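Reader: I am new to this structure and should like to learn how each term is justified. May we take the terms one at a time, each with its rule?

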Amino acid sequence: GDSGDPGDGGSSGGASDGQQTVAVVLKTLSSPFWLQVAGGVEDGGEAEGVNVTLAGATAETQVQEQIDKVRAAITQQVDALVVAPTQAEQLEPILQQAVDAGIPVLLVDTDIEGWEGKETFVGTDNYQAGVTAGEYILEQADSGQIAVIRGVPGNPSTDSRIDGALDTLEGSDIEVVADLSANSDRAEGRAVMADILLANPDVSIVFAANDDMALGAIEAIKAAGLDLEDILVVGVDGTSDAVDSMLAGELDASVAQNSYDMGRRSVELAVELLNGGTIEDRVDTGVTVVTTDTAEEYGAQLEEQAAAEDVSSD
Amino acid sequence: MTEHEQSAVPVLEVRGAVKRFGAVTALAGVDLTVHRQEVVGLLGDNGAGKSTLIKAITGVHQLDEGEILLDGQRVHVTSPTAAREHGIEAVYQDLALFDNLDVATNLYVGHELTKPRGWRGLGWLDRKAMRRDVQERLATMQVHLPDLKGQVGLMSGGQRQAIAVARAVAFARRVLILDEPTAALGVRETRNVLDAIRRLPEEHGISIILISHNMEHVVQVCDNAVVMRQGRVVGTTRPSPETAQDMVAMIVGATEGAGKKGHQQ
Amino acid sequence: MTEHEQSAVPVLEVRGAVKRFGAVTALAGVDLTVHRQEVVGLLGDNGAGKSTLIKAITGVHQLDEGEILLDGQRVHVTSPTAAREHGIEAVYQDLALFDNLDVATNLYVGHELTKPRGWRGLGWLDRKAMRRDVQERLATMQVHLPDLKGQVGLMSGGQRQAIAVARAVAFARRVLILDEPTAALGVRETRNVLDAIRRLPEEHGISIILISHNMEHVVQVCDNAVVMRQGRVVGTTRPSPETAQDMVAMIVGATEGAGKKGHQQ
Amino acid sequence: MTAVADREDAPPGGPASGKPGRQSRGLHAALTVVRLGPVLLLLIIMAVMAALNPLFLSPFNLGNVGLEASVVAILALGQLLVIVTAGIDLSVGSVIAMSSILGALWIRELDLVSGWLVIPSMILAGGLAGAVNGTLFVKGRLPHPFLPTLAMLMVARGVALIVSDGQPITGMPESIKLFGSGRIGHVPYAVILVAALAVIVYVLLRRITWGQWIYAIGGNREAARRVGVPVDRVLISVYVFSGMCAGTAAIVVSGQTNSAYPTAGNLMELSAIAAVIIGGASFFGGRGTVIGTLVGALILGVIQNGLNLMNVQSSWQYVALGAAVVIAVELDVVRARLETRLRVVRTEETEARA
Amino acid sequence: MTAVADREDAPPGGPASGKPGRQSRGLHAALTVVRLGPVLLLLIIMAVMAALNPLFLSPFNLGNVGLEASVVAILALGQLLVIVTAGIDLSVGSVIAMSSILGALWIRELDLVSGWLVIPSMILAGGLAGAVNGTLFVKGRLPHPFLPTLAMLMVARGVALIVSDGQPITGMPESIKLFGSGRIGHVPYAVILVAALAVIVYVLLRRITWGQWIYAIGGNREAARRVGVPVDRVLISVYVFSGMCAGTAAIVVSGQTNSAYPTAGNLMELSAIAAVIIGGASFFGGRGTVIGTLVGALILGVIQNGLNLMNVQSSWQYVALGAAVVIAVELDVVRARLETRLRVVRTEETEARA
Ligand SMILES: Nc1ncnc2c1ncn2[C@@H]1O[C@H](COP(=O)(O)OP(=O)(O)OP(=O)(O)O)[C@@H](O)[C@H]1O
Ligand SMILES: Nc1ncnc2c1ncn2[C@@H]1O[C@H](COP(=O)(O)OP(=O)(O)OP(=O)(O)O)[C@@H](O)[C@H]1O
Ligand SMILES: [Mg+2]
Ligand SMILES: [Mg+2]
């Protein structure tokens, strides 16, 4: 630890063997997207020769849990913190405490606009992912009826994906006929889609805020006896399940946020910073639209990057 | 029939009480009159409707038909709270105790002694005063309780009943209703309760309704006995060793009532 | 003292029973002997330990010290199920009824009549047989129940007790324990229960322990009476109109016991 | 009780004394209708939904409703047994995830094509979790199953996440997919599964001794012990059964999504409990019926489906669903009171004529 | 009860009869320790955590534990009252979100700089939600508060989402931020708030009549009615109080995050209920203490904090937390049994000496 002793007790944190420790607190570790990020983090840590500790709340909506995990990292006086805030501004007070305790903070995936304390932001924002999805949809169809499926109501990351897409589609001939939530759950995605199809038999486009719900929606479409060829289904995240579905010719596209890169770059940047280097204050990892054409290649890349069996690094 | 009956307006009068539970008619038009300082015995077979009648008087049940008069005034006893405000206290057959609370607390729930007296719910509990008081009240009934701070739920059947009786006796101001108050009591405790029943009307000017299956007790303490069968009053008598057999006959339905009403149905 | 006493090995024997609840000593070394076809009265003040003793015999409580012998064999009655398997049935003072179930069901819970007879939990319920049976059993006690399908929780105090007594009487094979079985019963129902107590030992070869506060009943039906006070046996007598006064004296502790044990403490 | 307060002023003899015949028949009909209980409630709610949205009553949509309510219904049937014993099983949602993941692992590891090995293994996994719940509660002498089943809620979710590595496992055998989306005519297989399970639960609960014991334990646990009911064993078996129902629900969820995923079944326990309670069971034990439970699950399903059909926004759905639940139980209270009232009036009439 | 079964073989007179003095003093000490109850449990768990991780006992971290446990503790204190009446309040988590959003709207709309207007309005909003809960339950004559509070769980979340438009509202006045992260020495303000609230609840529950009534209603609701306790009013007030506690918890949550957000407090109701039950309250009503509840909240907080410090992965945390909860309540069962046993032995000894 470099400075600013927050407690009187603690020895110098997790650096058991004199190595530097980077604590990575993601939103959660229980979803394919975040496991991908975790894979990047681990590889980054291994490549740079630092200890990384990975943590995440039990679900993306458990803000309080994440705050507790950041607090634990401060107590341990880690050398640097990489955080993917579950809620942007809501994490600012605790992250400012970390900065005040002399721990540099790097943000990944979700930025906190206007917060001076951060060292950098690595990622693309979710709104941008939504915009990209919207653009892709406009490429494929210039008119039709779209149904959008949201995540847990009030979850900013899934909400801004939808907002990005809806803002992009505004003014086009695509009409939004359904806007419902399926709590980021696959089974609920299926149920909601089944109801949407009944009320709006002419739906031709489906955009879901994550791949899980998109895959659930596909099951509903199949069950309704409709042809998947006639309906454009787009998800977000580029999970391996989504890739398999695209390879099977079911899902049409998924907007991937290059999650692995986010994880890896953030650790690399943290180490650079700890070694006295200066880093850019914004690193865009970009988004990729994975389609049936690119699915194979992207899938292979995923396979290679997948997190080790046991994501914990201790 | 008793000396009181003509003396004044009855303390309590029930007229034409009807109470139905779904398809069961528990009370089929019951009249009951209780005079000042009178002890009325309410007799009847199991399921005759005695408990239902007294629950209607104390506001636990609402009558389907009929009316209740206190000191000649028609009242709506819509809840047990209302009955208590009219000075009516009861020992129910199922005792209605708080098994999770100790003896002292059980006696005072709903009548708590508080430091600023009038404050009801917000008053500071005066536990010391209550504990002192409890000792006295239980002493008059000579119940042995192993521990006044013990949970009432763990006490013996008789101990529980004694607590319930002590509670009602303490707070009755106008009418005290006792539903089989000595059923679980020991020999001595029973004697004490019967003594209290005899003493209280004089001492505190209250009237008592006693439900009992024990003819001896009824003869000992009651000024008047009302016999019910199948939701109806089938007779009233002045209890004495001589009329005990009559009363039993009325209860089991072997004969016409000796009182003003005949055996119906 | 009774004719049975020397005749054979006692059906039930309790030796040196001690039971403590935290700081309360409910049984402080109790001995009890019940012979074949004998009716033993168990008397004592409220809180004397009568109910605790019978709960220990039926396996509801486990004794801290002491032993229980059935037909001279030492047994571990670790649960009420074990007691039932030994042919012991009891009416508890708190009745232990299922308020949510109807009369017939209440009588048969734990003893259900099923179609493949031996099947216990998985047997098909023979509701018709049970309902037929119930009618009979209740008829012998002459209780009026408004509706056999009514919830027991809504019945009157005496109706409930009658159901509990009918249940125990039906299934006892060796020892029947009755804890104040007539406390809530009407005149006629009480008479019927007392009759049954007198009849059953002969007819079915069972023994009975009767807990009661009513000396008259004890004199009428008991072959032998055991008096407890404060967790100890303070005397035994052969009940008769003449010894009734003695028994009362023993109960309230006014005199030394007339039986084998002296008044202690 | 308050409903009769206004009648205290009526003259003795009662208002019904004079009119026999016609009114009586009307009364009888009214009583029959009102006694339908929760079913009446469901019909009212369905009528409202149909009025609001013409699509609602289409046979296909009714199939959808059945399909969507089926998971909650299966869980609720297991939960019913638990609630009748005055217990609660909070773990069922997580157990869905664990069971389906464990079943899916079989498929992946052994390359099973047929579901007939996977299905029993899912049910078994659920039963195992239930056995742990029941044993902890009963043998651990805990006063209430809230904590052990809450612990299982966490542990089962954790196990699901750990063994699946947080990843969904896609690809289910045909037999399982059938339960997820297959239909015979308009009737989904899942609905047939629910019906079969309901019959089983009905028989267990009402026709054999075990069910009698469950009601007895719920009515008075100590009394059940005293009359020789093997209380401990019955209680454990009830939790095992609830776990097996969760395992059965896992089949439907896996079939619906053609996959097993570790976050499946999240919060489903609350819906299942709500269904049982809406169906008239008592939290204090001893009361509850199979029909009521099914109707409770259907009420929740109908409301959700109706709101989706009308494209009500999720934030408004929360409000609408909450309001609908309250209205539903409130209607049932009114219905029950009306029933008592009608019975009393009928008795009055019978007596008046006699 | 089973603990004494093995003693049936002991000769009459008992094993303790011969040994007075020394053993007695040891007994007395043991009994005193064992009677500490849940506190003893907390100490054991803290000792384990300290052994596993040296950072745990640092004053700063203990402050962290207090801060992290404070939200659950505040909710649990309100929930305690509800559970003592044999009820349940499922809405508290959502009410946190609704209260904080409503408070934050004040700030945004009126540009309030001071918290002294916002704080009461958050508490008030919580109380209002509680009033609705209580009124629906009591005046609606519902048999159990599960459904109305479940409905409020949904409605309050919906309202929070609707009025905030799904967006968090950032920027809280200093006074609120103080409760979120301020400390006096090592003691967080939030902990002081909890302590103050605990004293209030203690007084309400144990020192004044209202508290007496709460225990009475929980012990026997019908009896309470018969002895003249204003049951309806007391029940409603209990839900209002629980709602106000949720409003108070909203202050701490808003302070910690310097904002209000519509998903705040998610699932907190389960933790709050768990804390109350771990603290020894009974779901069947009539039992529960303030100290126990605080200890229950602290036990959850300590376990969570310890796991975080050891950087246990969230999937394993589920398993560990579940296991820890079961072990904790199981230890308490053992402790209670030991206490009874020790009391009996002490009585035996006293008698033997007499
Ligand atoms: N709440 C209720 N619901 C339905 N039936 C009831 C209810 N309360 C009482 N009854 C019925 O009404 C009748 C009268 O009951 P009640 O308790 O008044 O009798 P009782 O005279 O007190 O008898 P006992 O001497 O046995 O106490 C009985 O048949 C009983 O089953
Ligand atoms: N479970 C228990 N826990 C604590 N104390 C108990 C328990 N059961 C009984 N006691 C106490 O033990 C003593 C004996 O009780 P018991 O019920 O055996 O008396 P009893 O002779 O049946 O009296 P009654 O004639 O009043 O029924 C009483 O002081 C009672 O308070
Ligand atoms: Mg009665
Ligand atoms: Mg007794």
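Author: A polar contact is a pair of N or O atoms within 3.5 Å; within protein, one atom must be able to donate a hydrogen and the other to accept it, and residues adjacent in sequence count only if both atoms are side-chain atoms. The model is predicted, so local features need pLDDT of at least 70 and side-chain atom pairs count only at pLDDT 80 or more, while totals for chains, interfaces and linings use all residues. Residues are numbered from 1 along each chain as its sequence is written, chains are lettered from A and ligands numbered from 1 in the order in which they are written, and side-chain values use heavy atoms, with hydrogens and water left out.

Reader: How many residue pairs in polar contact does that rule find across the interface of chain E and chain D?

Author: The rule finds zero such pairs with both residues at pLDDT 80 or more. Salt bridges between chain E and chain D also number zero; that term requires a side-chain nitrogen of Lys or Arg within 4 Å of a carboxyl oxygen of Asp or Glu.

Reader: What makes up the side of chain E that touches chain D, by class?

Author: That side has 32 nonpolar, five polar and four charged residues. Ala, Val, Leu, Ile, Met, Phe, Trp, Tyr, Cys and Pro count as nonpolar, Asp, Glu, Lys and Arg as charged, and the others, Gly among them, as polar. The elements giving two or more residues to it are α6 (146-164), α12 (268-278) and α14 (314-353) of chain E. Helices (H or I, at least four residues) and strands (E, at least two) are DSSP runs, numbered from the N terminus.

Reader: Which pair of chains has the most contacts among the eight pairs that touch?

Author: Chains D and E have the most, a contact being heavy atoms within 4.5 Å. Each chain brings 41 residues to this contact. Together they bury about 3800 Å², 85% of it on carbon and sulfur atoms; buried area is the accessible area (1.4 Å probe) that two parts lose on being put together, summed over both. By contrast, chain A and chain B do not touch, their nearest C-alpha atoms being 37 Å apart.

Reader: What makes B:Ser51 and B:Gln93 donors to the magnesium ion (ligand 3)?

Author: Their atoms OG and OE1 lie at 1.9 to 2.1 Å from the ion. Donors are N, O and S atoms within 2.8 Å of the metal (3.2 Å for Na, K and Ca), so both atoms qualify; water is not among the atoms, so sites may look incomplete. The two residues are 42 residues apart, B:Ser51 in helix α1 (residues 50-57) of chain B and B:Gln93 in the loop between β6 (88-91) and α3 (103-108) of chain B.

Reader: Is B:Ser51 called buried or exposed, and why?

Author: Buried means under 20% relative accessible area, exposed over 50%, and partly exposed in between (1.4 Å probe, protein chains only). B:Ser51 has 16% and is therefore buried, whereas B:Gln93 has 24% and is therefore partly exposed.

Reader: Why is the pair B:Glu89 and B:Arg84 called a salt bridge?

Author: The side chains meet with N and O 3.0 Å apart, and the rule accepts this pair because its limit is 4 Å. Both residues are buried, B:Glu89 at 6% relative accessibility and B:Arg84 at 10%.

Reader: What makes B:Arg188 and C:Asp45 a salt bridge, and where do the two residues lie?

Author: Their closest N and O atoms are 2.4 Å apart. The pair crosses between chains, from helix α6 (residues 187-204) of chain B to the loop between β3 (39-44) and α1 of chain C. B:Arg188 counts as buried at 14% relative accessibility, and C:Asp45 is buried at 4%.

Reader: Why is D:Arg225, which pairs with D:Glu222, not called buried?

Author: Its relative accessible area is 27%, so D:Arg225 is partly exposed; D:Glu222, at 32%, is partly exposed as well. They form a salt bridge whose closest N and O atoms are 3.4 Å apart. Both lie in helix α10 (residues 221-226) of chain D, three residues apart, about one turn of the helix.

Reader: How many salt bridges does a search of the whole structure find?

Author: The search finds 55 over all chains. In chain A, salt bridges link A:Arg150, A:Asp159, A:Asp163 and A:Asp179 in a network.
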